[in-house]
Amino acid sequence: MQVATSGLLLLLLTQTLLCIATPADQGNVSLPLRFWVDEYAFTPGETTLLREEIEAAGPDSALITGETVRLRFSVKGYDASESWDIYWTGRQNCEKALTSVHPGQRVNCIPGVLSLAQKHKLVATLTSHYGAGAFELIPRSWLLPSRYWHWRLWAEAQEGGPNQMWVLKQDVHRGKGVHVMKQQDAIREARQFEWHGRHKHVVVQRYKGNQLQVHNRRFYIRLWVIVTSSTPLKVYLFDGGVVIFGSVLKQRSAVDLPADDEEYIVNLWTQDRELSQPWSMHTFQDHINNATGSAATFDRMWAQMQKIIGYTYAAGLNAMRGSAAYLGAPPGSSFEVFGVDMLVDTDYRPWLVEINAVPSLARKVVDCSEASNKECRHAQHAANAFDTEKVALMHGIFHMLQAPAGQAGQSKADELALHLEETEVAVQNRFIPIFMVPQAAQYRNEQKHLQLQQQQRRKHAPDVIRAAAPVQDHVRQRELLSAAAPNVTTEQAAAAEQLPQDDPGTVRMMLYGLRNAAFNIWYWLPTSEEVLLWLSEYVPVADVLIMDYYRLRLGSMPMQKVVFEIPVDPLDQALHDAWVHR
């Protein structure tokens, strides 16, 4: 009798656990939204606002069913996929989870979005989709080292000469690796690299000297965006943000430049936040309205920011959809929050600086128990714009995650209805839908048409030196490999002739070994860019000769070619039409 009772209790416990493990959207909308949080994947305080939202909603609406606090020897969310509806984790675990995610579950990363969230990939993605039109969205930029000589040719044709200012960027985050310098210094610094190592700088960008200032301070704007799907592309801009100020500019002559980048670069991570408190976007809007005398200037700038964001994420569609297909992630299974940084020039025109994956969602004033903390002392007298905006942002994100996501197998009409339902929830929580894939595709086609016209003009213009077709990097590397080891094929043939003809396995093994040796040589062989940069640095007159070569090969103004198309899904068009004609 005791054994039977124990077995019955075990069966009831098993059934209870299975009921709890059922995803919340499978036939019972009253079940709470279950979160699994990988706490170790974030810095302290990054999940506090999320936890506060879950706690405020109550256990009937949301709860945390699991969390991981250690990297090793602990269960991760992707190991317990039946225990959550929302998986809040880092990118590596996120992509593991997407390979086995169930319909109705969501993970907080968009596969392939690093094509926009890394400095050099952002430039590469925009220029390969929009050509020179990319520089209507971002300041004119070149990749290093592959476009070093193209940059030099363009720079020498501009006014300003050696007094031009340039921004050199390394592929690091949180305000590090960004330097502003004059052209001659930039030319020297851009050459720096380690053989077969990471290039010191990955992007060179024209410095926007005509930046708008507020009370004699430069600034940049941090906006937040949430992407809830890549097919169709659903981008929502939070109707808010913060304006982050730099140090007060000093009066200097043209030759008396600051010794560091402090006055050129606004760096949140190194500034004195007590002396330069950030503004909310609405405070900045009031300032612009008062300075210009009307609301039209800010409204135009805000619309341009939305256009820049829409076109930028549309350019990343090929990478996002390709990565999602590779992982086998079903539609509606991923979302991600991004920090978008922009600056504004004196014409009130915004420019995209960078896109940050996994932006900080922690409060800036975390602990005010110590009276010596400067931030805490100042927080007693003024509201912190970062904290108030982030609280509103997380509140909106939490409610958007409760909206149902479109799933595979539904009719197009039902799927569109779910997407529009999510859009309504977004609007109610201070998010602005940006459905601009059709316009971005049209913009890309216009830039391609302009490129073809420019090519025709160059072809028929006698005073313009036409550029030869560029040779791909891997082709040049193979040519260098052949020059360095011209006898590899001969040795292979000789070795094959000496082997017994009745042992084809030995022949294959020998050829396999020689192939691996050739690949190893190829890997350690410097690229053509590295060779030319080394020559220009250490060999007299080499820089002049190389510039003459590229001038003959590319012309005085190298073109930025449009390479890829922007894919427009039928739901992209349907969402756009429904939102425009709402």
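Me: Where does N216 lie in the chain, between which strands?
Reply: N216 sits in the loop between β8 and β9. Bear in mind that this is a predicted model.

Me: What makes the phi of N216 worth a look?
Reply: Its sign: phi of N216 is near 65 degrees, a positive value, and the residue is not a glycine. Most residues other than glycine have a negative phi. V358 is another case, with a positive phi of about 50 degrees although it is no glycine either. You'll find V358 in the loop between β14 (350–357) and α11 (374–379).

Me: Why is N216 called partly exposed?
Reply: Partly exposed covers the range between the 20% and 50% cut-offs. N216 has a relative accessible area of 32%, so it gets that label.

Me: How do you know that the bond joining L144 and P145 is cis?
Reply: Look at omega, which is about 5 degrees for that peptide bond. P145 lies in the loop between β5 and α6. A cis peptide bond also joins T231 and P232, with omega about 0 degrees, and P232 falls in the loop between β9 (217–230) and β10 (233–238). Most peptide bonds are trans.

Me: What makes E39 and R51 a salt bridge?
Reply: The cut-off is 4 Å from a side-chain nitrogen to a carboxyl oxygen. The E39 and R51 side chains come to 2.8 Å, N to O, so the pair qualifies. E39 is in the loop between β1 (33–38) and α2 (48–57), while R51 is in helix α2, so the pair ties together parts that are twelve residues apart in sequence. R51 is partly exposed, at 24% relative accessible area.

Me: What separates D185 and R188 in helix α7?
Reply: About one helical turn, as they are three residues apart in α7 (residues 183–190). Their closest N and O atoms are 2.9 Å apart, and the two form a salt bridge. On exposure, D185 comes out at 31% and R188 at 39%; with the cut-offs at 20% and 50%, each value therefore reads as partly exposed.

Me: Why does the pair R430 and E389 count as a salt bridge, with N and O atoms 3.8 Å apart?
Reply: The limit is 4 Å, and their closest N and O atoms are 3.8 Å apart, so the pair is in. R430 is in the loop between α13 (412–428) and β15 (431–434) and E389 is in helix α12 (residues 385–401), so this pair ties together parts 41 residues apart in sequence.

Me: Which label does E389 get, buried or exposed?
Reply: Buried: its relative accessibility is 6%, and the cut-off for buried is under 20%. R430, at 30%, is partly exposed. Elsewhere, salt bridges that share partners link R152, R191, E537 and D543 into one network. How many salt bridges does the structure hold? The count is 19.

Me: What makes the four-strand sheet open, and in which order do its strands come?
Reply: The order is β5-β8-β6-β7, with antiparallel pairing. At the edges stand β5 (141–143) and β7 (178–182), each with a single partner strand, so one side of each has no neighbour in the sheet. From one strand to the next, the twist averages 25 degrees.

Me: How do you know that β6 and β8 pair?
Reply: Pairing needs at least two bridges. Four bridges join β6 (residues 165–169) to β8 (residues 203–206), so these antiparallel strands pass. For a landmark, K169 stands opposite V203 in β8.

Me: Which helices pack on that sheet?
Reply: Helix α5 (residues 119–130) lies across β5, β6, β7 and β8, at about 110 degrees to β5. Helix α6 (residues 148–156) touches β5, β6 and β8, and its direction makes about 150 degrees with that of β5.

Me: Why are α6 and α19 called roughly perpendicular?
Reply: That label runs from 65 to 115 degrees. Helix α6 and helix α19 (residues 542–554) pack at about 85 degrees, with axes 10 Å apart, and are therefore roughly perpendicular. The contact includes W149, R152 and L153 of α6, and D543, I546 and Y550 among those of α19. Its residues divide into six nonpolar, one polar and four charged.

Terms used: Residues numbered from 1 in each chain as written. Predicted model: local features only at pLDDT ≥ 70, side-chain atom pairs only at ≥ 80, totals over all residues. Heavy atoms only, no water. Helix = DSSP H or I, 4+ residues; strand = E, 2+ residues; numbered from the N terminus. Buried < 20%, exposed > 50% of the residue type's maximum accessible area, 1.4 Å probe, protein only. Axes fitted to C-alpha atoms, helices over the stretch in contact; angles between N-to-C directions. Contact = heavy atoms within 4.5 Å. Parallel < 35°, antiparallel > 145°, perpendicular 65-115°, else oblique. Nonpolar A, V, L, I, M, F, W, Y, C, P; charged D, E, K, R; others polar.
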